[in-house]
Amino acid sequence: MSMSLHLYNSLSRQVEAFVPLDPARPTMYVCGPTVYNFAHIGNARGPVVFGVLADLLRRRYGVLAYARNITDVDDKINAAAAEQGVPISTITDRFAAAYREDMSGLGVRLPEIEPAATAHIGEIVTMIERLIENGHAYAAEGHVLFAIETYDGYGKLSRRDIDDMRAGARIEVAPYKRDAGDFVLWKPSTGDLPGWDSPWGRGRPGWHIECSAMAAAHLGETIDIHAGGVDLVFPHHENEIAQSECAHGGKTFARFWLHNGMLNFDGGKMAKSKGNIETVRDLLGKHPAEALRYALLSAHYRQPLEWSPGLIEQSARTLDRLYGTLRELAEVDAGTVAIPASIEAALEDDLNTPQALAELARIAGEARKASDPAEQAQLKRDLLGAGLALGLLQQDPAAWFVGAVDAGDDARIQDLVDERNAAKKARDFARADAIRDQLAGEGILLEDTPAGVRWVRKRATQPA
């Protein structure tokens, strides 16, 4: 750990050196999915980039308490369950499993802790009771609301003025609210909606209180890092801070706030509400998973990312070159793989994945030029280590390039390649070109290498 880890803290608007409160147990909480439908690719950016951070923290400290929640009670879930005439668990179990599968497909490891909101109703009720006792919340008409005027720090994350927030509230303010900006901690449930018994009647939690209660239950009253999409800064994360710090006697809720930028698609933010989404599941059926992952890492996590079929194809072509380098070094024994210091330095600089990817390309370029066996072994080791840090180059090069075909077809193709080589030597260029065109029509690409002509099958991708 020769270098220190620096992260941009959305709370201070500065890059700060990161040191956990307890180096024996760093803590990180990332807002997870609301499981009522398949995740779109924009939903995957946070899990991918913060998964890279999680692995970095594990390497630095040997351990990490990483929680990513599942929101499994929500009005959208309720609506889907009502439409299908099933319990909400039928919806949430299906799409929580689909979410895990899709994230795994992108190389995202499961967090150490995956709390679900419905499993923490007791903790949620207890936190709300504490807020009422401390004078920060009030019950009204079966609801419980947080009183924003009781918390002087309200707005410190989003840098919004409280009067401006009031002015921006809906014209029709619920009559039971004392202040237009007060937000719901608990709301009543009618008989056709899921609900739990509470001191305020049968009801269900508001969205914001869920994360506060689950973070406290599993990570403690003060956590090191809280992360999520920039669209969550207000109101979700602002409200989390208010209710958590008021429930815990003013203790800091999260020391570092990290927010990833949004994916833009067809000129606008990718969102289910806009209908301009591409699901992870559909994309995984069309493109190599590592190409999608590479694309998500290609821009700095705090910046918007322009998503397009061209970006995916460019990422796939880059991986072709990287895997091609590993294929050329197939006979080289890399030894024990270690992550290069230059890669760690890039990631320790506020998770600078574009710089890390540039370094990955530089290592591959050096490896292609190397002729000394010892140098080749070192560069292959560095290339594999760099890929490991980024969740790339995780398969055998042959598996990357070659589809599922039988050995007989391989032999037929090799015979055609040999015939083409012979035709070129005999200066029968018409025959050589005809064979080349035939192979190209079958998706077979010919590559000139120092060892002669090699063939590869083009990856089975389709336009997005």
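1. Buried means under 20% relative accessible area, exposed over 50%, and partly exposed in between, with a 1.4 Å probe and protein chains only. By that cut-off, buried residues make up 51% of the 464 residues in the chain.

2. This is a predicted model: local features need pLDDT of at least 70, side-chain atom pairs count only at pLDDT 80 or more, and totals for chains, interfaces and linings use all residues. Residues are numbered from 1 along each chain as its sequence is written, and side-chain values use heavy atoms, without hydrogens and water.

3. The chain holds 16 helices and 15 strands. These are DSSP runs numbered from the N terminus: helices are H or I, at least four residues, and strands are E, at least two. The C-alpha trace spans about 90 × 55 × 35 Å along its principal axes.

4. One open sheet has four strands in the order β4-β3-β9-β10, with parallel pairing. Pairing requires at least two DSSP bridges between two strands. β4 (65-68) and β10 (254-260) are the edges; each has a single partner strand, so one side of each lacks a neighbour in the sheet. Neighbouring strands are turned by 15° against each other on average, direction ignored.

5. β3 (residues 27-30) pairs with β4 in the parallel sense over four bridges. Met28 has Tyr66 in β4 as its bridge partner.

6. Helix α1 (residues 41-61) packs on the sheet and touches β3, β4, β9 (223-229) and β10. Contact means heavy atoms within 4.5 Å. The direction of α1 makes about 135° with that of β10. Helix α7 (residues 233-247) lies across β9 and β10, at about 160° to β9. Axes are lines fitted to C-alpha atoms, for helices over the stretch in contact, and angles run from 0 to 180 degrees between N-to-C directions.
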